[in-house]
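This report describes the contact between two chains and the charged pairs around that contact. Please read it with the sequence and the model at hand.

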Amino acid sequence: MSVNIVVKDMGLDYAIRGGGRKGGKLTALDGVSLEVKQGEFLSVVGPSGCGKSTLLYILAGLIRKSRGTVLINGREITGPALDRGIVMQGYALFPWRTVQRNVEFGLEVKGTPKAARRRKALEYLESVGLSDFAQRYPYELSGGMKQRVAIVRALAYDPDILLMDEPFAAVDEQTREMLHEELLRIWEATHKTIIFVTHSIDEAVFLSDRVAVMSAGPGAIKRIIDVNLRRPRAGGAVKASVDFSVLRNRVWRLLQNMPDSEREGAAPADSDISDVISDSATL
Amino acid sequence: MKSRKTPPLARAAQKSAVIAAILAAWWFLPQHFRNMFLPPLNEIAFSFVEMAKTGEMWKHIGYSLSRALAGFLIAEALSIPLGILLGWFDKAERYLDPLFQVMRNTSVLAIMPLFVMFMGVGETSKIAIIVWGTFFPTLIVTIQGVKNVDPLLIQSAQSMGISRFGLFWKVVLPGALPYILAGFRQSAGVALIILVGAEMLGANYGLGFMILHYQQGFLVAKMFAGILTLAVLGVLVNALIVKLEARLTRWQEKIAK
């Protein structure tokens, strides 16, 4: 498979107020390197404020990086474009547009003729079971429905890459599980590359091919963990498996700044307790 | 969240009950307790019909409405586009906002003599003062509306590579529309208030002139006929704009209506 996204030694500085006349700066991201293959599902987890959303916004072209390289399909990004779709935390649906016209938005920007736009939007709404709501306004929908609309809005103009910023943070547990399976189904059908920012370890492990764990101050990628759970993944069985909890634990330990159980001495899962004890002894 | 539906007839009754009671009291009570400054409603109604028959009333209404409308439309035609521009290019707005605040918060009635001094007592000064008074409320609200468009929506549209013009046309304008319409409605109310002031300061026609004229001539029933006509006009204009607002912003969630 070809490489879709290449990030190399990328960094971002913010100018901060009150930093003296020359202007102080805050390094939000530093030395971020990452390669994502075409069609891969990569999650990004990290403590709040580590810059994981910022990384996503840089990939979207909405924030400009300060240094380093960001290549999409071999080309340096210059700004937002229709080869990437972003799904934001707060749905960001246009309240004055019906569900259907929300989904049409990207196609409008693309210059797709009206009839084709309409057909495509309805097709996508159908795929997430929302065709009956095509003529409704966003305020008439539940949170889970809004999130589905936001996802198909980003898919409708057929980007190569789907960037998702904690998309399911605001919906309830049951809806979230449904949306997970729906997202995996869409992903498997469309072969999009997905970068998925989340603060839920379970979500990251369950959905992804790989999980990138970030650390804060300045934000950097600490480690990328391969998730070799079999696909297709059915919710209950996968989450109950030993492999799942081992992976889950590994990500958790990394987020707690403990040594990686696999790397440091390749410790199996059952020696975790002794690791925890030795860790707390050094505190 | 939706309140239980009341049948339309019952709702109309709820809405008009208090006003109907006051009008009824006004109709009957002064007939028993006479006061020369408060004639019973039937006498006022009689005066209205009389003035309507001779055409006097329509003339005054016609003059007043055309002045108010001219001033209001000129002001809106200037303030809405300017407000959109200043909201969009907010650097200029930073310099101008203090000036707008001073202008808006200075009573229009206070500077009315100034307009008369410079422009005389003719139509020009009357329309100009209405333009002045209605310009700032819409301008300030429009600027706010453009500035308050949800940044998330702007980013969302930008992520799809939308052009600057497209962003303006498809996101900023519809996003600011509820504000613009609110300013529009507020200004329409202000236009009628200033109109009366302007007509009282020097005019030969118009409801403001008429009210003052009959007050000075102690024809109190006719004076009241003018006041009540103005009240009805104000309510009608407001209702008309509310209807327009509802039509243009159907997509907004209605919280208890």
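A polar contact is a pair of N or O atoms within 3.5 Å; within protein, one atom must be able to donate a hydrogen and the other to accept it, and residues adjacent in sequence count only if both atoms are side-chain atoms. By this rule the side chain of Arg97(A) reaches the backbone oxygen of Arg101(A) at 2.9 Å.

This is a predicted model, in which local features need pLDDT of at least 70 and side-chain atom pairs count only at pLDDT 80 or more, while totals for chains, interfaces and linings use all residues. Residues are numbered from 1 along each chain as its sequence is written, chains are lettered from A and ligands numbered from 1 in the order in which they are written, and side-chain values use heavy atoms, with hydrogens and water left out.

**Chain B**

Helices (H or I, at least four residues) and strands (E, at least two) are DSSP runs, numbered from the N terminus. On that basis chain B has ten helices and zero strands. Its C-alpha trace spans about 75 × 55 × 30 Å along the principal axes. A residue is called buried under 20% relative accessible area, exposed over 50%, and partly exposed in between (1.4 Å probe, protein chains only). Of the 257 residues of chain B, 41% are buried. Accessible areas come from the Shrake-Rupley method with a 1.4 Å probe, and for residues only the protein chains shown count as cover. Chain B exposes about 14900 Å², and carbon and sulfur atoms supply 70% of that area.

Contact means heavy atoms within 4.5 Å. Among the contacts in chain B with a separation of 6 or more, 73% come from residues 24 or more positions apart.

Pro98(B) lies in helix H4 (residues 90-105) of chain B. Pro98(B) counts as partly exposed because its relative accessibility is 47%. Between the C-alpha atoms of Pro98(B) and Phe37(B), 61 residues apart along the chain, the distance is 45 Å.

**The interface of chain B and chain A**

The size of an interface is often given as the accessible area lost when the parts come together. Buried area here is the accessible area (1.4 Å probe) that two parts lose on being put together, summed over both. Between chain B and chain A it is about 1900 Å², with 72% from carbon and sulfur atoms. Chain B brings 18 residues to the contact and chain A brings 23 residues.

Three residue pairs are in polar contact across the interface (both at pLDDT 80 or more). On chain B, helix H7 (151-159) and helix H8 (164-201) each supply at least two residues of the side that touches chain A. H7(B) gives the most to that side, with seven residues. The residues on this side of chain B are eight nonpolar, seven polar and three charged, where Ala, Val, Leu, Ile, Met, Phe, Trp, Tyr, Cys and Pro count as nonpolar, Asp, Glu, Lys and Arg as charged, and the others, Gly among them, as polar.

**Salt bridges**

Side chains of opposite charge can pair when their charged atoms come close. A salt bridge is a side-chain nitrogen of Lys or Arg within 4 Å of a carboxyl oxygen of Asp or Glu. The whole structure holds 20 salt bridges over all chains, and one salt bridge is counted between chain B and chain A. Four pairs are listed here.

| Pair | Closest N to O distance |
|---|---|
| Glu108(A) and Lys170(B) | 2.3 Å |
| Arg97(A) and Glu108(A) | 2.9 Å |
| Arg176(A) and Glu173(A) | 3.3 Å |
| Glu199(B) and Arg67(B) | 2.7 Å |

Glu108(A) forms a salt bridge with Lys170(B) and another with Arg97(A). Arg97(A) is found in the loop between S6 and H2 of chain A. Glu108(A) is buried, at 13% relative accessible area, and Arg97(A) is buried at 5%. Leaving aside neighbours within four places in sequence, the contacts of Arg97(A) are Asn102(A), Phe105(A), Glu108(A), Tyr137(A), Pro138(A) and Lys170(B).

Arg176(A) and Glu173(A) both lie in helix H5 (residues 173-190) of chain A, three residues apart, about one turn of the helix. Arg176(A) is buried at 17% relative accessible area, whereas Glu173(A) is partly exposed at 48%.

In chain B, Glu199(B) pairs with Arg67(B) in a salt bridge. This pair links distant parts of the chain, with Glu199(B) in helix H8 and Arg67(B) in helix H3 (residues 56-88), 132 residues apart. Glu199(B) is buried at 1% relative accessible area, and Arg67(B) is buried at 3%.
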